[in-house]
Each structure stands twice: as C-alpha cells, then as structure tokens.
Amino acid sequence: YVEGNECAKMHFERSAAFYSALVVFSGSCYASIGLCSSNIFGMSVFSAGLTQTELKKLKKLRISSNVVLENIPQIVVQIVYATMVIGNVNSAVVFAFVASVLSVTNTLLNYFVERERGDAINGGKQVVWYYLVMQIYE
C-alpha cells in the first residue's frame, strides 16, 4: 500500500528498529503505523508521511492481524480448553468466548462500515495522490 510513497518507504527503512519495538510493546502493527504517521511532537520518528487514504487502505492489515491471527485462534483454544481440559463450560470460559466473538464482530462491522462510507464519500472513485520528492545532489 505504500509502494508509491517514497517518503514512507525511506522512513520505515530508517526507523525499522523503532517501529518493530512499537509493534512488540503495543501488540498491534496498525496502531504502530498510525503512531508513526501521526507527526506527534513534530519528531521525525513519528513522521512517516503516510496519507489518511493510505492509512485507510492499511486497515486490511488490522483485519487480518486482529481477527485471523488473534481472535479466531483464541476462540478455538477456548473451545478446546473447555471441552478437553476441564470437561465442562464454566462462567469464565463463557465470558472469554463471548468477549472474543464480540471483538471479532466489532472489528468486522467497523471494517465494512468504513469501507461503505469511503465508497459513498468518494462516489466509488479512487483517490489518487502524488508525491513530490526533493533530493539534493552534491
């Protein structure tokens, strides 16, 4: 999603260790990308140069990482634990299962609402962004 954005590519190449540490500490690559693109405090490490349109396109990462790699395996482990390990379903397992299902539902609904809202706002057209890169040759 950032192939055409040279500024963002250079930023993530320069700040790969910092970005990786953010992912490890926050547990979310999407939140880390958002923080790295926030320009908070005017610090260069938080100025990746990603546009809002690019960040919206990156929400697909959030869906795959959050739902497919976290929540669905967690639901499977909860079912296996309840049936094979403890042999019955207690209130803690039910609460954890309901919370996981609600998390999956929330994430998917947010994704589909945002996708439809974006299509309605843009009239079904894709936004095109151009980047200006200045280089100084010595």
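This is a guided tour of the structure, stop by stop, for a reader with the viewer open.

**The whole chain**

Begin with the complete chain, keeping in mind that this is a predicted model. Coloured by secondary structure, the chain shows six helices and zero strands, and reading along the sequence gives the pattern α-α-α-α-α-α. The chain has 138 residues, of which 25% count as buried. If you switch on a surface, about 9,900 Å² is exposed, and carbon and sulfur atoms supply 65% of that area. Contacts are worth a thought before zooming in: of those in the chain with a separation of 6 or more, 56% join residues that lie 24 or more positions apart.

**Helix α5 and Ile75**

Next, select residues 59-85, which make up helix α5, and look within this helix for Ile75. Is Ile75 buried or exposed? Ile75 counts as buried, because its relative accessibility is 14%, and the cut-off for buried is under 20%. To see what surrounds this side chain, show Phe97, Ser100, Val101 and Val104, with which Ile75 is in contact once its neighbours within four places in sequence are left aside. You can also draw a distance from the C-alpha atom of Ile75 to that of Ala96, a residue 21 places away along the chain, and the separation is 8.4 Å.

**The nonpolar patch**

Staying with the surface display, select Ile72, Val76, Val80, Tyr81, Met84, Val85 and Ile86, which together form a nonpolar patch on the surface with about 640 Å² of accessible area. One of these residues, Tyr81, has its place in helix α5. Tyr81 counts as partly exposed because its relative accessibility is 40%, a value between the 20% limit for buried and the 50% limit for exposed.

**The cavity and Thr107**

Now turn the surface off and look inside. Rolling a probe the size of a water molecule over the atoms shows where empty space is left. How many cavities of 30 Å³ or more does a search of the whole structure find? The search finds one, and the volume of the largest cavity is about 60 Å³. Select its lining, which consists of Lys59, Arg62, Ile63, Thr107, Asn110 and Tyr111; helices α5 and α6, the latter spanning 91-122, each supply at least two residues of that lining.

From this group, centre the view on Thr107, which is found in helix α6. With a relative accessibility of 6%, Thr107 counts as buried. Not counting residues up to four places away in sequence, Thr107 touches Ile63, Asn66 and Val67, and Ile63, like Thr107, belongs to the cavity lining.

**Further along helix α6**

For the last stop, select Glu114, which also has its place in helix α6. Glu114 is partly exposed, with a relative accessible area of 28%. Add Lys56 to the selection and draw a line between the two C-alpha atoms: the residues are 58 apart in sequence, yet the distance in space is 8.6 Å.

Notes
Residues are numbered from 1 along each chain as its sequence is written. This is a predicted model: local features need pLDDT of at least 70, side-chain atom pairs count only at pLDDT 80 or more; totals for chains, interfaces and linings use all residues. Side-chain values use heavy atoms; hydrogens and water are left out. Patches are made of residues with over 30% relative accessible area and no salt bridge: like charges are joined within 9 Å, nonpolar side chains (Val, Leu, Ile, Met, Phe, Trp, Tyr) within 5 Å. Accessible areas come from the Shrake-Rupley method with a 1.4 Å probe; for residues, only the protein chains shown count as cover. A salt bridge is a side-chain nitrogen of Lys or Arg within 4 Å of a carboxyl oxygen of Asp or Glu. Helices (H or I, at least four residues) and strands (E, at least two) are DSSP runs, numbered from the N terminus. Buried means under 20% relative accessible area, exposed over 50%, partly exposed in between (1.4 Å probe, protein chains only). Contact means heavy atoms within 4.5 Å. On a 1 Å grid over the protein atoms alone, a cavity is a set of points where a 1.4 Å probe fits but cannot get out, and a pocket is an open set with protein on both sides within 12 Å along at least five of seven lines; lining residues have an atom within 4 Å of a point. Grid points are joined across faces, edges and corners, and a volume is the space filled by probe spheres set on the points.
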